[in-house]
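Here are some notes to read alongside the structure, arranged as numbered points. I hope they help when you go through it yourself.

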There are 2 protein chains.
Amino acid sequence: MKTYSISEAAKYLDLTAYTLRYYDKEGLIPFVERTESGTRRFKEKDLDALRMIECLKSTGMPIKEIKHFIDWCLEGDATLQQRYDMFLERKACVEAQLEEMKKTIEMIEHKCRYYQTALEAGTEDIHKGARLEFPEY
Amino acid sequence: MKTYSISEAAKYLDLTAYTLRYYDKEGLIPFVERTESGTRRFKEKDLDALRMIECLKSTGMPIKEIKHFIDWCLEGDATLQQRYDMFLERKACVEAQLEEMKKTIEMIEHKCRYYQTALEAGTEDIHKGARLEFPEY
DNA sequence: TCTTGACCTAGAGTTAACTGTAGGGTTTAG
DNA sequence: CTAAACCCTACAGTTAACTCTAGGTCAAGA
């Protein structure tokens with residue numbers, strides 16, 4: 001079975017070896033095995049688990065909470081409900097983020113139009129009617 | 001014209017007074033005026049600017065870069081192009097984030113289904129075929 | 001055999017973005 | 001008029017997530 005050194009694994013995951021060691025220290029990847037001399041060997045499965053960890057991280061989940069999830073995984077079927085609930089909560093959380101992001105895009109697009117018009121006019125004053133005001137921030 | 005104290009402003013923006021003072025110190029809100037005795041008075045316009053700042057922050061823009069934008073605003077029409085470019089870049093950045101988030105949701109939904117099935121079966125083994133393997137993380 | 005480069009741990013340092021404290025002034029309700 | 005509840009600054013402390021250094025081990029090529 002093909003395995004990867006820490007720096008190979010880091011390369012595939014777009015992380016650094018430092019970060020992987022840090023994750024290990026934090027208990028995020030207790031399943032990664034070592035050679036006799038103590039060198040970590042990452043299996044495909046480990047890379048998949050790390051992709052899941054990155055996925056959870058991208059939802060804004062802190063590393064300590066991800067560790068709880070990993071601990072539940074090690075505990076087996078007794079924690080299935082907790083894990084299911086966690087993913088349902090994550091789903092709700094990301095969906096809320098998605099809604100927020102749509103609003104953000106609207107605001108940014110408004111600004112793009114604002115500045116495009118201003119650039120065409122050569123001045124921001126175009127957005128001030130006849131009144132003298134401070135620029136929009 | 002109605003104005004707000006720092007703690008009122010914080011309440012409306014869902015921030016703390018500490019955070020607003022920190023933003024001020026970092027040069028994000030140089031336009032906020034003070035009373036004779038030095039107390040900050042936030043105008044509606046200032047709250048709008050802060051909403052824009054929060055919007056930029058939500059795109060992952062660091063405070064130092066937001067400050068550059070504020071500085072450009074103070075410099076006037078000479079910086080219109082920079083500001084336009086910045087918003088175009090922000091737009092591209094958030095759109096990329098949106099794509100990432102869609103992939104995240106897919107992964108999370110996969111896991112929700114995985115755990116729902118496992119819960120129904122009472123064991124994660126249902127996902128292992130007949131093989132004995134470690135659980136999915 | 002020797003050297004080079006990758007690996008290891010422990011622990012210190014960094015960075016961003018707050019968050020809180022100390023000490024002091026001001027405003028407002030009773 | 002006074003006490004509580006604000007406000008202010010300066011600066012120290014916190015937290016998360018790395019990031020790096022020092023000192024050492026190990027494995028492969030010249």
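Is A:D14 buried or exposed? Keep that in mind for the opening point, and please remember throughout that this is a predicted model.

1. A:D14. The relative accessible area of A:D14 is 72%, and because the cut-off for exposed is over 50%, A:D14 counts as exposed. You will find A:D14 in the loop between α1 and α2 of chain A. Its backbone deserves a look too: A:D14 is not a glycine, yet its phi is positive, at about 60°. For context, most residues other than glycine have a negative phi.

2. B:D14. In chain B, the loop between α1 and α2 holds B:D14. B:D14 is also not a glycine, and it has a positive phi of about 60°. With a relative accessible area of 71%, B:D14 is exposed.

3. Who surrounds DNA strand C? The strand has 18 residues around it, and the closest are A:S5, A:S7, A:R21, A:R34 and A:R40. Of the atoms of DNA strand C that come within 4 Å of the protein, 74% belong to sugar and phosphate. Sorted by class, the surface near DNA strand C has 6 nonpolar, 6 polar and 6 charged residues.

4. Phosphate contacts on DNA strand C. A polar atom in the side chain of A:R40 sits 2.6 Å from a phosphate oxygen of DNA strand C. Chain B takes part as well: an N or O atom in the side chain of B:S37 is 3.1 Å from a phosphate oxygen of this strand, and for a polar side-chain atom of B:K57 the distance to a phosphate oxygen is 3.2 Å. Two or more residues of the surface near DNA strand C come from each of α1 (6-13) and α2 of chain A, and from each of α2 and α4 (63-75) of chain B. The largest share, 4 residues, is given by α2(B).

5. Who surrounds DNA strand D? Here 18 residues surround the strand, with B:S5, B:S7, B:R21, B:R34 and B:R40 the closest. Sugar or phosphate makes up 72% of the atoms of DNA strand D within 4 Å of the protein, and bases make up the rest. The class count for the surface near DNA strand D is 6 nonpolar, 6 polar and 6 charged.

6. Phosphate contacts on DNA strand D. A polar side-chain atom of B:R21 comes 2.9 Å from a phosphate oxygen of DNA strand D, while an N or O atom in the side chain of B:S5 is 3.0 Å from a phosphate oxygen of the strand. For A:I63 the atom concerned is a backbone N or O, 3.3 Å from a phosphate oxygen of DNA strand D. At least two residues of this surface are supplied by each of α2 (17-25) and α4 (63-75) of chain A, and by each of α1 (6-13) and α2 (17-25) of chain B. With 4 residues, α2(A) gives the most.

7. The largest pocket. How much space lies in the largest pocket? It holds about 420 Å³. The lining has 18 residues, and those nearest the centre are A:E100, A:T104, B:E54, B:C55 and B:S58. At least two lining residues come from each of α5 (80-121) of chain A and α1, α3 (44-58) and α5 (80-121) of chain B. The largest share, 6 residues, belongs to α5(A). By class, the lining divides into 8 nonpolar, 5 polar and 5 charged residues.

8. B:E124. This residue lies in the segment after α5 of chain B. Is B:E124 buried or exposed? Its relative accessibility is 2%, so B:E124 counts as buried. The side chains of B:E124 and B:Y114 are joined by a polar contact of 2.8 Å.

9. A:H127. The segment after α5 of chain A contains A:H127, which is partly exposed at a relative accessible area of 32%. Which residues does A:H127 contact, leaving aside its neighbours within four places in sequence? They are A:Y114, A:T117 and A:A118. A polar atom of the A:H127 side chain is 2.8 Å from the backbone oxygen of A:Y114. A:T117 is 10 residues from A:H127 along the chain, and their C-alpha atoms are 8.5 Å apart.

Notes
Residues numbered from 1 in each chain as written. Chains lettered and ligands numbered in written order. Predicted model: local features only at pLDDT ≥ 70, side-chain atom pairs only at ≥ 80, totals over all residues. Heavy atoms only, no water. Near = heavy atom within 4 Å. Polar contact = N/O pair within 3.5 Å; in protein donor to acceptor, adjacent residues only side chain to side chain. Nonpolar A, V, L, I, M, F, W, Y, C, P; charged D, E, K, R; others polar. 1 Å grid on protein atoms, 1.4 Å probe; cavity = no way out; pocket = protein on both sides within 12 Å on 5 of 7 lines; lining within 4 Å. Points joined across faces, edges and corners; volume = space filled by probe spheres on them. Buried < 20%, exposed > 50% of the residue type's maximum accessible area, 1.4 Å probe, protein only. Contact = heavy atoms within 4.5 Å.
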